[in-house]
Amino acid sequence: MPVKMLFVIGAPRSGTTMLERMLASHSMIMGGPEPHLLTPLAHLGVWAKVDKAPYDHILAAESQKLFVESLPNKEQDYWTACRAYCDVLYGQYLKTSGKPICMDKTPAYALILPFMAKVFPDAKYVVITRHPIATFSSYANSFFDGDYHAAQQYNPILNRYVPALANFLRQKETPYVHVKYEDLVKNPETWMERIYDYIGVPFERETIEYGKNASEDQRTKGLGDPIGVRQHTRPSTASVKKWVEDLATDTSRLNLMIEILEQIPQEDLETIGYPLGTLLKPLEEVDGTKIVRKVPKLTRYRLERKAIIRLRAMAKKHGLLHKMLKRVQLACDVLLRE
């Protein structure tokens, strides 16, 4: 029997973890760490491909397509098989909770939404979007110690996620509910009631206090927001305009963000709820007042990120160190091979 699925869709650092925590507090919804089940599946067969794999992915995909064409229901049989794989794993996971709805919040799913719509046409999709600059600022500060250029070079999240989300929001075949992060944190009661109504479950007001209802596993395990979501027990507006500090005090960051936003189709920005002409207006409210950016506390997580960033830069700069690390990697692969 197909599992009742709920997917929280959004870019990294756009409020997906906060929304997942609230939904997971519901008596009928099973949440948990990001499982990343569907992204590998999407690139395994006929939908997409991987560039590096221990097989000829192009030949394999073409062969699978020919095989699929020989099936009684052709492509539909392939989607059914993919669904069966997911239903077994999600279904077994759901059994541990006794709840009727399984939720998966994996930001990377935003990049494979057409595939997901084929495999899960009957699932519930909750799409959350956030001010693009706020999203990027949070990403750069959380994972790259505030280095905007390094963050963009490593993963241009706005260039990748904004068009993908916009395309899904424009389509009419797969139903969804769309909420903006700023609206959700400002008026969580109204928006959570709408979301629960769309999902088809009773509105449980206490789920808004996600910090009080979260289990220890939710607080400590899995991927997701490593810092922000733990600072509050319910949605907070504290981070809505935090990005203004970054751009008002650093022209280099401002110019980079303008450059990135100009690369994204204006139609896509409008579709996700943030027209290009409105994005920089919060900066105009500064009125030339110098903003002193608060230095974040040095937590274990930030120290680890600083070490990773520094070592990654050293490895790229020094060829000898890069070769040494590659040899260590090879040795570990050989020693740990089962």
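Q: Which residues of α14 are buried?
A: In this predicted model, local features need pLDDT of at least 70 and side-chain atom pairs count only at pLDDT 80 or more, whereas totals for chains, interfaces and linings use all residues. Residues are numbered from 1 along each chain as its sequence is written, and side-chain values use heavy atoms, with hydrogens and water left out. Helices (H or I, at least four residues) and strands (E, at least two) are DSSP runs numbered from the N terminus, and buried means under 20% relative accessible area, exposed over 50% and partly exposed in between, with a 1.4 Å probe and protein chains only. On these terms, the buried residues of α14 are R253, L256, M257, I260 and L261.

Q: Seen down the axis of α14, within what arc do its buried residues fall?
A: An α-helix has 3.6 residues a turn, so residues three or four places apart point the same way. In α14 the buried set includes M257, I260 and L261. These buried residues line one face of the helix, because the arc (taken from the directions from the helix axis to the C-beta atoms) that holds them is 130°.

Q: Which exposed residues does the face of α14 turned away from its buried side carry?
A: The buried side of α14 packs against α6 (132-143), α7 (148-154), α8 (157-170), α13 (243-248) and α15 (266-271), a contact being heavy atoms within 4.5 Å. The face turned away from that buried side carries the exposed residues T251 and E262.

Q: How many Å does α14 reach from its first C-alpha to its last?
A: Helix α14 covers residues 251-263, which is 13 residues. The expected span, 1.5 Å times one less than the number of residues, is 18 Å for this helix. The reach in the model is close to that expectation, at 19 Å.

Q: At the start of α14, which residue has a side-chain oxygen that reaches to the backbone nitrogen of S252?
A: A polar contact is a pair of N or O atoms within 3.5 Å; within protein, one must be able to donate a hydrogen and the other to accept it, and residues adjacent in sequence count only if both atoms are side-chain atoms. At the start of α14, the oxygen comes to within 3.0 Å of the backbone nitrogen of S252, and the residue that supplies it is D250.

Q: With which residue does D268 form a salt bridge?
A: Side chains of opposite charge can pair when their charged atoms come close. A salt bridge here is a side-chain nitrogen of Lys or Arg within 4 Å of a carboxyl oxygen of Asp or Glu, and for D268 the closest N and O atoms are 2.8 Å from each other. D268 lies in helix α15 and its partner in helix α8, so the pair ties together parts that are 98 residues apart in sequence. D268 is buried at 5% relative accessible area, whereas the partner is partly exposed at 29%, and that partner is R170.

Q: How many residues apart in sequence are the parts that D122 and R83 tie together?
A: D122 forms a salt bridge with R83, with 2.9 Å between the closest N and O atoms. D122 lies in the loop between α5 (113-119) and β4 (124-129) and R83 in helix α4 (residues 75-95), so the separation of the parts they tie together, in residues, is 39.

Q: Which residues touch I101, not counting those up to four places away in sequence?
A: I101 is found in strand β3 (residues 101-104) and is buried, with a relative accessible area of 8%. Its C-alpha atom is separated by 9.9 Å from that of A24, 77 residues apart along the chain. With residues up to four places away left out, the residues that touch I101 are K4, L6, M28, I29, M30, L94, I199 and V201.

Q: With the side chain of which residue does K105 make a polar contact of 2.5 Å?
A: K105 has its place in the loop between β3 and α5, and its relative accessible area of 4% makes it buried. A polar contact of 2.9 Å joins its side chain to that of T17. The contact of 2.5 Å is made with the side chain of E34.
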